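User: Could you take a close look at one part of this model for me? I'd like a connected walk through a single helix and whatever it packs on.

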Amino acid sequence: MPSVLFVCLGNNICRSPMAEAVFRHVVNEMGLADEFPVIDSAGTAGYRVVRLSPQPPDPGRAATCRKNGVPRPAHPAQESHKAPLKPFDYNLLHGPRCIQPKGSKAVVKLFGDYDPKGDRIIRDPYYGGQDGFDRNFAQVSRCSRAFIESLGFGGH
């Protein structure tokens, strides 16, 4: 039963919570919720993480998930080294500048390595308007399904 952490460069308000929400949705659609008991997301820098009031996920991401019928994660922005203290089996990074959380023994890969279209970098939708969020949603949807299939869960 693999645990998965989605890691983006900094904010943890756009890319990684989008991937977390979409992945959780795909897992549930495929009837695999029991196979993936721990799914989370975090950023590697605290741009949007303030000690007293971490910011919620970006409204564009929330709207994109909502229009596609995907529930969004409830947690506010969090840094990867402060993510809940549980070991993850997979840290799926959104770009080459993302770093492995300290002390992690997880398998580390670019989430985009699973994109059937070959786009290895999960682009930051923050500055791309709604089109950026729509492209991000489509890419993390493709990557989610391909990652699950790579673990031998396809065909459910």
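Analyst: Here's a walk along helix 1, then over to the sheet beside it, with a short stop at a loop proline at the end.

Keep in mind that this is a predicted model. Helix 1 covers residues 15-29, so to speak a run of 15 residues, and from first C-alpha to last it reaches 21 Å, close to the 21 Å expected at 1.5 Å a residue. Just after it comes Gly-31, which has a positive phi, near 70°.

How much of helix 1 is buried? Eleven of its 15 residues are, so the rest of the structure largely encloses it. The buried set starts with Arg-15, Ser-16, Pro-17, Met-18, Ala-19, Glu-20, Ala-21, Val-22 and Phe-23, and then picks up Val-26 and Val-27. What do those buried residues pack against? Their partners are strand 1 (4-8), strand 2 (39-43), helix 2 (59-67) and helix 3 (129-150).

Now for the strands. Helix 1 lies across strand 1 and strand 2, and it runs at about 170° to strand 2. Both strands belong to an open sheet of four, ordered 2-1-3-4, with parallel pairing. Strand 2 and strand 4 are the edges, each pairing on one side only. Ignoring direction, neighbouring strands in this sheet are turned by 25° against each other on average.

Zooming in on the pair under the helix, strand 1 and strand 2 are joined in the parallel sense over five bridges. Val-7 has Ala-42 of strand 2 as its bridge partner, and Cys-8 stands opposite Gly-43 of strand 2.

Is strand 2, an edge strand, buried or exposed? Five of its five residues are buried, so strand 2 too is largely enclosed by the rest of the structure. In a regular strand, side chains alternate between the two faces of the sheet. Here both faces are covered: Ile-39, Ser-41 and Gly-43 are buried on one side, Asp-40 and Ala-42 on the other.

Last, the loop stop. Pro-116 sits between strand 4 (107-110) and helix 3, and helix 3 is one of the elements that helix 1 packs against. Pro-116 counts as exposed because its relative accessibility is 64%, and the cut-off for exposed is over 50%. Leaving out residues up to four places away in sequence, Pro-116 touches Arg-142 and Ala-146. Pro-116 and Arg-142 are 26 residues apart in sequence, yet their C-alpha atoms are 6.9 Å apart in space.

Notes: Residues are numbered from 1 along each chain as its sequence is written. This is a predicted model: local features need pLDDT of at least 70, side-chain atom pairs count only at pLDDT 80 or more; totals for chains, interfaces and linings use all residues. Side-chain values use heavy atoms; hydrogens and water are left out. Helices (H or I, at least four residues) and strands (E, at least two) are DSSP runs, numbered from the N terminus. The expected span of a helix is 1.5 Å times one less than its number of residues. Buried means under 20% relative accessible area, exposed over 50%, partly exposed in between (1.4 Å probe, protein chains only). Contact means heavy atoms within 4.5 Å. Two strands pair if DSSP finds at least two bridges between them. Axes are lines fitted to C-alpha atoms, for helices over the stretch in contact, and angles run from 0 to 180 degrees between N-to-C directions.
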